Amino acid sequence: MDSEEVYCQAFADDVVLVFSGQKFPKIEEKANRTLALVHDWGVRNKLGFAAHKTNAIIITRKLKYDTPQLHMGGTNIKIVDEIKLLGLIIDKKLTFHSHVVHICRKVTNIYKHLVKTAKISWGLSSEIIRTIYVSVVEPIVLYAASVWASASQKISIQKHLNTLQRGFAQKICKAYRTVSLNSALILTGLLPLDIRLREAARLYEAKRGKPQEDILGDRKVEVKELFIEADHPAKEEEITFSTIEAAEILTKINEIRNNRGDVKLYWIKAHCGILGNERADELAKLAAETSKQAPVYDCFPLSYAKRQLRDNTINTWQERYTKAETGVVTRRFFPDVTESYKTIEKINVNNLISQILTGHGGFKAYLFRFKLAESPYCSCDNQTSQTIEHILIDCPKFQLARLECELRMGFVLQEETLNRAINNNDSRTHFFKFAISSVEKIVKENKT
Ligand SMILES: [Zn+2]
């Protein structure tokens, strides 16, 4: 088959043949010749290939072409628009739209099934939904990421992924259904699926030796030597000293041995304050900087690649988050994505806290916006919009409680200090105590 320039891949009972070329008649001829070969091989080995179950797909940018006539053992092979290959739906235009629709439906069904099996009518806890998301949903979406990740830059694909992710994120942080994806992602500490998908794809490529120049430079990820290929430890060569410097070290060690006794070599943690180690480090750095020799080994460990790719993901996410039109209130509390992860870990986000951190809650301004109240104004003066900012910063109804909170925190509550109030471990407790009690009162008042 090599001579025919055909790519063949087989997995269990699935066989794929790929033919490529410039002209359709040539490809058609090549394909039919190979199919005949495969069929004959099957006959010789008493293996029947089901021609009626075999499909072909044409992937081309050409707008006009004569559909090739393919056949195997006298049966015509159907030309289709989509094929499913090892769980990945490939469409003829490589948009992966069908694949995304399929995985979204699959994930939703799994979720519904889990809820039904658990027989929980009052809803699953945040932690359980998060576990389902991380261990079931994400792996399903990230499957075969390297093949279709680039398609996720299309708005239509992004929309599907966003809807899917928003549903889970909203349930995890128990926010109102109207919450924006951006806010929900910050409150749950999740990364946007499409960016996460591209990260997974790049990691896959880096692992297989494809340089990711914009992030990792031209260096490659080190590859583990296969166990089978490695020598038996007994056969390992002794370390030989090829350079003069190394020979000098050996002489020095021998000198010490002769004068003062034994020399032992230990591994110690770098930069832990041992004087000798710090000095050795300094000298090694100096030698590395002044040496004209290229390093013998310049691959980096996988952990480094993972960290760099994650940093890149977070930068992309931060850029999107800062520019977004939605999630304005959340951005006041958490302008920085990285910082938000550290803070959100320490907060037990529930429905009330989500209302405070998103502005989507039982406040007049919100209720009015969604046609659930007749006016957006706060009862304190019937002129000012009752937003979460008004309740926390201005509303005279909570003046006394606010003052007490401010005295305890040591600073005044303003739009600019909301971030500080929530990030600082000491002020956070005082802030939430004030915010929760005020919001509870407002929500109750607006219900009656
Ligand atoms: Zn008010």
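**Exercise 1. Contacts of Phe-431**

Task: Leaving aside neighbours within four places in sequence, which residues is Phe-431 in contact with?

Solution. Start from the criterion: two residues are in contact if their C-beta atoms, placed from the backbone, lie within 7 Å. Next, leave out the neighbours of Phe-431 within four places in sequence; Cys-405, Met-409, Ala-421 and Ile-422 are then in contact with Phe-431. Residues are numbered from 1 along each chain as its sequence is written. The model is predicted, so local features need pLDDT of at least 70 and side-chain atom pairs count only at pLDDT 80 or more, while totals for chains, interfaces and linings use all residues.

**Exercise 2. The nonpolar cores**

Task: Which residues touch the most other members of the largest nonpolar core?

Solution. Step one is burial: a residue is buried if 20 or more other C-beta atoms lie within 10 Å of its own, exposed if 12 or fewer, and partly exposed in between, with C-beta atoms placed from the backbone. Step two is the core itself, a set of buried Ala, Val, Leu, Ile, Met, Phe, Trp, Tyr and Cys residues joined through C-beta atoms within 7 Å. In the largest core, which has 64 residues, Ala-169, Ala-184, Ile-391 and Phe-431 touch the most other members. Helix α7 gives this core its largest share, seven residues. Domain 2 (97-216) and domain 4 (361-447) each supply at least three residues to this core; the domain bounds come from an automatic or database domain assignment. A second, separate core has six residues, among them Phe-19, Ala-31, Leu-35 and Val-38.

**Exercise 3. Helix α7**

Task: Why is α7 largely enclosed by the rest of the structure?

Solution. Helices (H or I, at least four residues) and strands (E, at least two) are DSSP runs, numbered from the N terminus. Helix α7 covers residues 193-207, 15 in number, and reaches 21 Å from its first C-alpha to its last. This is close to the expected 21 Å, where the expected span is 1.5 Å times one less than the number of residues. Twelve of the 15 residues are buried, so α7 is largely enclosed. The buried residues include Arg-196, Arg-198 and Arg-202, as well as Leu-193, Ile-195 and Leu-197. Their cover includes α3 (126-142), α5 (155-172) and α11 (302-323). After α7 comes Gly-209, with a positive phi near 85°.

**Exercise 4. Two positive phi values**

Task: Is Lys-46 buried or exposed? Is Phe-96 buried or exposed?

Solution. First locate Lys-46, in the loop between α1 (24-44) and β3 (55-57). Its phi is near 55°, positive in a residue other than glycine. Lys-46 has 6 other C-beta atoms within 10 Å and is therefore exposed. Then take Phe-96, in the loop between β8 (88-91) and α2 (97-117). The phi of Phe-96 is near 60°, again positive in a residue other than glycine. Phe-96 has 23 C-beta neighbours inside 10 Å, so Phe-96 counts as buried.

**Exercise 5. The β7 and β8 hairpin**

Task: In which sense do β7 and β8 pair?

Solution. Two strands pair if DSSP finds at least two bridges between them. Strand β7 (residues 82-85) and β8 have four bridges and pair in the antiparallel sense. Lys-84 stands opposite Ile-89 in β8. The two strands form a hairpin with two residues between them, and Leu-86 in the turn has a positive phi of about 45°.
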